[in-house]
Amino acid sequence: LKELLDQLKGKPNETVDGKNIMVYCNIGNPGDMDAVLANDGGGIGLFRSEFLYLQGNDYPTEEEQFQAYKTVAERMGGKRVIIRTLDIGADKQADYFNLDHEENPAMGLRAIRICLTRPEVFKTQLRALYRASAYGKVAIMFPMITSVWEVQEIKRICKNVREELAAEGVPMADYVELGIMIETPSAVMMSDRLAKEVDFFSVGTNDLTQYTLAVDRQGNNLDKFYDSHHPAVLRMLKMAADNAHAAGIWIGICGELGADTSLTETFLAIGIDELSVSPASVLPLRNAIRSIDSRVNHDKILNELLQS
Ligand code: PEP
Ligand code: MG
């Protein structure tokens with residue numbers, strides 16, 4: 001099997017009828033890059049930056065962050081590297097943030113909510129990201145978005161950071177793509193408006209399943225209810241994809257579900273443009289994509305989804 005998969009290296013992620021899908025990788029730290037390159041990842045679809053915040057006893061400095069982002073950007077050699085801003089809170093706690101104890105941390109002060117509450121923490125990370133943009137094709141992605149105003153506020157802060165760095169004469173890419181994670185039902189319902197504000201969407205199916213079905217993703221004895229194949233989740237994907245395309249942007253999946261090859265054909269029918277998976281899943285997924293002929297089953301799959 002391994003030899004068979006190895007033969008797929010260098011081949012396009014193309015369906016029988018010639019549709020190209022971006023197959024990217026999820027990574028948790030720069031050390032994962034060896035596996036990305038060994039498995040022929042087409043880009044980084046989700047670089048979880050939390051490792052920088054979880055490994056020490058204090059906030060990582062701008063310089064530490066810059067070095068980590070730059071390393072990954074350089075090693076990808078001009079392929080897209082989507083770095084997600086910090087997603088601390090809920091299941092990822094760092095003591096020095098001194099967050100209050102919460103009864104429902106998944107619905108509490110986490111991710112982008114911390115960034116918009118503590119702009120100095122956010123700005124340090126954004127400075128490091130914009131500096132790293134001079135060394136590869138860096139894109140920035142924001143987690144846990146629920147509202148249009150959050151994205152507008154984020155863009156204002158990004159613009160400030162860019163201007164600050166430009167005034168200091170720091171090199172940066174001319175254009176850095178900004179994207180958001182679609183991982184709350186609110187983001188799906190607002191996806192027509194949100195799509196006009198950003199360059200891409202990436203669906204976090206782990207959280208989207210949790211919030212859509214009101215089932216804790218870490219819950220014990222809830223496996224039967226935590227169902228990412230639930231039609232409610234798949235319909236949300238369809239809605240977000242239609243709204244992304246209407247606004248001329250692309251949409252991917254970076255949650256675990258993206259690697260589930262029993263759904264690859266459904267994702268293509270829905271119009272998903274990118275799948276970001278663990279490095280070990282790249283070649284099996286490429287194999288699945290290359291066996292699909294979207295002319296055969298797509299209408300049937302969509303009809304079933306709408307009637308499910
Ligand atoms: C998700 O929620 O699906 C996701 C990719 O983000 P994380 O698992 O880091 O919350
Ligand atoms: Mg998430």
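User: Leaving out residues up to four places away in sequence, which residues does Asp207 touch?

Analyst: Happy to help, and please keep in mind that this is a predicted model. Asp207 lies in helix α10. Not counting residues up to four places away in sequence, its contacts are Glu183 and Arg217.

User: Is Asp207 buried or exposed?

Analyst: A residue counts as buried if 20 or more other C-beta atoms lie within 10 Å of its own. Asp207 has 22 other C-beta atoms within 10 Å, so Asp207 is buried.

User: Which element gives the most residues to the shell around ligand 1?

Analyst: Good place to look next! The residues around ligand 1 include Leu46, Arg48, Thr205, Asn206 and Asp207. Two elements, β2 (44–48) and α10 (205–213), give two or more residues to this shell. With three residues, the one that gives the most is α10.

User: How many residues of the shell around ligand 1 are charged?

Analyst: Among the residues of the shell are Arg48, Asp87, Glu183 and Asp207. The shell divides into two nonpolar and four polar residues, and the number of charged ones is four.

User: Which strand pairs with β2 over three bridges and holds Val81, the bridge partner of Ile44?

Analyst: Let's start with β2 itself, where four of the five residues are buried. On one side of the story, β1 (residues 22–27) runs parallel to β2 and is joined to it by three bridges, with Cys25 opposite Ile44. Ile44 also has Val81 as a bridge partner, and the strand that holds Val81, parallel to β2, is β3.

User: What is the handedness of the β-α-β crossover from β1 to β2?

Analyst: Follow the chain as it leaves β1. The chain passes through helix α2 (residues 33–38) on the way to β2, and this crossover is right-handed.

User: Why does Arg84 count as buried?

Analyst: Arg84 sits in strand β3, and the UniProt annotation "binding site", from an unreviewed entry, covers it. Leaving aside neighbours within four places in sequence, Arg84 is in contact with residues including Leu46, Arg48 and Met141. Arg84 counts as buried because its C-beta neighbours inside 10 Å number 25.

User: What distance separates the C-alpha atoms of Leu8 and Pro284?

Analyst: Leu8 is found in the loop between α1 (2–6) and β1, and is partly exposed, with 19 other C-beta atoms within 10 Å. Beyond four places in sequence, Leu8 touches Leu283, Arg286 and Asn287. Leu8 and Pro284 are 276 residues apart along the chain, and their C-alpha atoms are separated by 9.2 Å.

How values were computed. Residues are numbered from 1 along each chain as its sequence is written. Chains are lettered from A and ligands numbered from 1 in the order in which they are written. This is a predicted model: local features need pLDDT of at least 70, side-chain atom pairs count only at pLDDT 80 or more; totals for chains, interfaces and linings use all residues. A residue is near a molecule or strand if its C-beta atom, placed from the backbone, lies within 6 Å of it. Ala, Val, Leu, Ile, Met, Phe, Trp, Tyr, Cys and Pro count as nonpolar, Asp, Glu, Lys and Arg as charged, and the others, Gly among them, as polar. A residue is buried if 20 or more other C-beta atoms lie within 10 Å of its own, exposed if 12 or fewer, and partly exposed in between; C-beta atoms are placed from the backbone. Two strands pair if DSSP finds at least two bridges between them. A crossover is right-handed if, with the strands pointing away from the viewer, the path from the first strand over the helix to the second runs clockwise. Two residues are in contact if their C-beta atoms, placed from the backbone, lie within 7 Å. UniProt positions are given in the numbering used here, feature names are shortened, and annotations may be inferred rather than shown by experiment.
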